[in-house]
Amino acid sequence: MARSTHILKSSYFDSVVLMRVASQLKKQDDISEVAMFMGTEGNHDLLAQVGLTTVKSREAGPQDLIVIVVADSEERAESTTQDALSMLTDRNAGQDNELDYRPRTLDAALGFLPDANLAALSIPGEFAAREASKCIDKGLNVFLFSDNVALADEISLKNKARRKNLLFMGPDCGTAYINGVGLGFANIIKSGRIGCIAASGTGLQAVVCELDRLGEGVSHAIGVGGRDLSSEVGGLMTTYSLELLEQDPATEVIILLSKPPSADVVEALEALCSEFSTPVVSCFQGAELPGNTFIQTATLDEAAATAVCRVNGREHVPVPFNLPDRISDLLEERGNKAAGKRVVGLFTGGTLAKEAQLLLSKELGPVAKSFEEHAGHIVVDLGDDQYTIGRPHPMISPEIRTEKLIELAETGDLADCGVVLVDLVLGKGSHLDPAQELVESIETLRKRRELSAEIVAVVIGTPEDPQDIAAQISVLDAAGITVFRSNSEAARYVAMLAAPACRENYMKEAS
Amino acid sequence: MKPDQSLLQQPIRVINIGLESFSEDLRKAEIPVIQMDWRPPAGGDLRLVALLDSLAEEA
């Protein structure tokens, strides 16, 4: 193995660009590692942690780029380093050609766009609070995509925003829609009468895609950050967003999504919403509230379907499957091949993983949430911080799932696996061909006879998304992967494959 | 609160600080957006940043 280290002085690149280039170059067989980081203190620690530090890399300062390549030969390490540098400089050259002015300061930016009303921030977390605070001072609403923002900073920024009647979406806010405009990882959806408030990125994506599929659209969808309904943050932005949507003439029904909120926050939200004329449909992932202020739903799909019925003046009756005949046919065809075997879920969306864990554990018993736990069934959120250190989120770069699948096969952990459950989240910002990436890894493992399990995929997206959802589904179909558009249906179907005892109940409810 | 002044009642106009692709997506949707050339302040030295901020506060 040969290792090359190159330092590019005084060149700032954002981490997603670096990680994208690195993961593209790493796909070559003779390249075992490509690490590209700015020389910040945190990144030096990270390089040391993964054993990639070199004498030369230590010389890099926070504004210098470090490129480390580990390859089969010195020549390949060197040529790949050069490829990396040209890929980055080509990107910058392209930007220069656009001749658009890029101000260095917020004041200069406001000089060019004086009536700007929103700042979208996606910079490293350690600097995000400082920049967000400056934006609030200038009267800008904030969409904060960055993660790793301290809880104390979140609370102080949200309080500051509230005092100025500004929205503070985030931190770690993946998706939002304001007046029909999608921000971050956004699916292309219709505008409509349903307003959403979400402390969950992929949960929001699943709901807006389901609304779109049911023919309805979204007025606004406000991301509030995963911790907003915790006791510490106290629902600061959820409360404000609820007030805004209640008064918004375009919004007829509100959907509120979050992991189980703290009891004091629920109490305050119930007190607020009990005065509302707009109905609020809630989905709190596994939490059932004693009160009836909210129209409570158990799953993301049920939340969407309930809201659609509400705007159309109908009551919603939840069913486990919308097409029970298809499920009967599938079960008949699959028989009991997966019965009693392990379920392995590898998700890119955290809320989708959580929902699958909840539904599966109801029928199958304990379901582990990380590879370290040694329970039989496992559903992992590969977007969790522990799997994304120094890597892009798996929605951008699903190669991490491929690597995990291969790793599990090599350690024999797929030998007793009856079903593999995965998600593909489409939309702006996401990988452009996740189906192909998945199918290639499945076919490799099938050829090596290391995978005989049934593969079930839930695809979250809309026909207008850049990935072409129909083409994505065809690729999966052709590879013998069973595709669902609803996360809860996919999880229930998987439960029925692994535990035939629950089939009768589900099918009875569905018919 | 004055709801008529909230973000929800206005066409959005964005200052994008960070990922270029967000600006590109907004431009495609014909939303006014300005991309900032953001770089870590004080050369990325967090201690120096804190020091500068406290000096600015005192001033």
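How many residues does the contact take from chain A, and how many from chain B? In this predicted model, chain A puts in 42 residues and chain B 36.

On the side of chain A that touches chain B, the elements giving two or more residues are helix 4 (106-112), strand 4 (118-122), helix 5, strand 8 (181-184) and helix 8 of chain A. Strand 4 of chain A gives the most, with five residues. By residue type, that side of chain A breaks down like this:

| Type, side of chain A that touches chain B | Residues |
|---|---|
| Nonpolar | 20 residues |
| Polar | 12 residues |
| Charged | 10 residues |

Strand 4 of chain A also pairs across the contact: five bridges join it to strand 1 (residues 14-18) of chain B, and the two run parallel. One of the bridge partners is B:I15, which sits opposite A:A119.

Now for helix 6 of chain A. Its 13 residues (151-163) reach 19 Å from first C-alpha to last, close to the 18 Å expected at 1.5 Å a residue. Which of its residues are buried? They are A:E154, A:L157, A:K158 and A:A161. These cover an arc of only 100° around the axis, so they end up on the same side of helix 6 of chain A. That fits the general pattern: an α-helix has 3.6 residues a turn, so residues three or four places apart point the same way.

What covers the buried residues of helix 6 of chain A includes helix 5 (125-137), strand 5 (141-144), strand 6 (168-169) and helix 8 (236-247) of chain A. On the other side of helix 6 of chain A, A:A152 and A:R163 are exposed. Just after the helix, A:N165 takes a positive phi of about 55°.

Definitions and conventions. Residues numbered from 1 in each chain as written. Chains lettered and ligands numbered in written order. Predicted model: local features only at pLDDT ≥ 70, side-chain atom pairs only at ≥ 80, totals over all residues. Helix = DSSP H or I, 4+ residues; strand = E, 2+ residues; numbered from the N terminus. Expected span 1.5 Å × (residues − 1). Buried ≥ 20, exposed ≤ 12 C-beta atoms within 10 Å, placed from the backbone. Arc of directions from axis to C-beta. Contact = placed C-beta atoms within 7 Å. Nonpolar A, V, L, I, M, F, W, Y, C, P; charged D, E, K, R; others polar. Pairing = 2+ DSSP bridges.
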